[in-house]
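Please read the following briefing beside the sequence and the model. It takes up the ligand site and then the aromatic rings.

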Amino acid sequence: MSGAEKVVCVTGASGYVASWLVKLLLQRGYTVKATVRDPNDPKKTQHLLALDGAKERLHLLKAELLEEGCFDSIVDGCHGVFHTASPVIFSAADPQAEIIDPAIKGTLNVLKSCAKVPSIKRVVMTASVASVLYNGKPLTPDVVVDETWFSDARFCKENKLWYMASKTLAEEAAWRFAEDNMINLVVLNPGFVIGPLLQPALNSTSDIILALTKGLLMFEMLHMHIFKHLRSLQLLADIA
Ligand SMILES: NC(=O)c1ccc[n+]([C@@H]2O[C@H](COP(=O)([O-])OP(=O)(O)OC[C@H]3O[C@@H](n4cnc5c(N)ncnc54)[C@H](OP(=O)(O)O)[C@@H]3O)[C@@H](O)[C@H]2O)c1
């Protein structure tokens, strides 16, 4: 679909997945309102500003997931919103405050802003296979994981799988809010996304791949079970 004259928002635009998404959306003619925590940090923005079409159609806007209402003016006038911003870290001194709260409250913050804007036709959220696989059921080769699977946040917390808990609770909250507020929500549950980086610094999942190639980490130590190629991001942009 061509995005000519259509405006979309991408949250967490400096991130690995979102940078590709912004690139693909610009390529398709969309005007992109891209949120970053610090629009003045070149390490987070230079690669976005260098994209084809950025000069004409990319707007970098400051947004912090936990700042209530800060997405109101950003999503205003948008046709679609891609919500990717979420802490992608696997441990923290205070997992609730640093991983779980920003994921859940941030998602609701974005969705609350979207609910006020009738021009928004669809919200696309990157959940994760992390919100699917972690429920304590055995993952033997004969097991088929399908749409009936959902991670169990309590199981995740008991096992200190903080990122998995954050994605599970954020997705659950998103579905509830979208249903209550008649938001057309699409949730994607990607596996491990790998491929070339647009941003200058390693993101967490690319760091894991690097650790595997350097022998610093063994595959069996990974909690992740599914690998998908970066080309699946094409699918993400297709949903616009
Ligand atoms: N990579 C994968 O394999 C994979 C697989 C499945 C799902 N996903 C999901 O895809 C999305 C993007 O992942 P990614 O790998 O691209 O991660 P990433 O590179 O770490 O990007 C995450 C983005 O979220 C932003 N963010 C984090 N906390 C924030 C906060 N409190 N306020 C505002 N922005 C905040 C980060 O901003 P800063 O740059 O300022 O920190 C960054 O731009 C996430 O929702 C993740 O759960 C990723």
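A polar contact is taken here as a pair of N or O atoms within 3.5 Å; within protein, one must be able to donate a hydrogen and the other to accept it, and residues adjacent in sequence count only if both atoms are side-chain atoms. The model is predicted, with local features needing pLDDT of at least 70 and side-chain atom pairs pLDDT 80 or more, while totals for chains, interfaces and linings use all residues. Residues are numbered from 1 along each chain as its sequence is written, and side-chain values use heavy atoms, without hydrogens and water.

**Polar contacts of the ligand**

- A polar backbone atom of Leu65 lies 3.0 Å from a nitrogen atom of the ligand.
- Oxygen atoms of the ligand are approached by a backbone N or O atom of Tyr16, at 2.8 Å, and by one of Ser86, at 3.2 Å.

**Shell around the ligand**

- The ligand has 26 residues around it (a heavy atom within 4 Å), and Tyr16, Val17, Tyr163, Lys167 and Val193 come nearest.
- Helix H1 (16–27), helix H7 (162–180) and strand S7 (192–194) each contribute at least two shell residues; helices are DSSP runs of H or I with at least four residues, and strands runs of E with at least two.

**Aromatic pair**

- One aromatic pair is counted, by the rule that ring centres lie within 6.5 Å.
- The rings of Phe90 and Tyr163 have centres 5.1 Å apart and planes at 70 degrees, so they are edge-to-face (over 60 degrees; under 30 is stacked and the rest tilted).

Terms used
Rings of Phe, Tyr and Trp (its six-membered ring) pair if their centres lie within 6.5 Å; planes under 30 degrees apart count as stacked, over 60 as edge-to-face and the rest as tilted.
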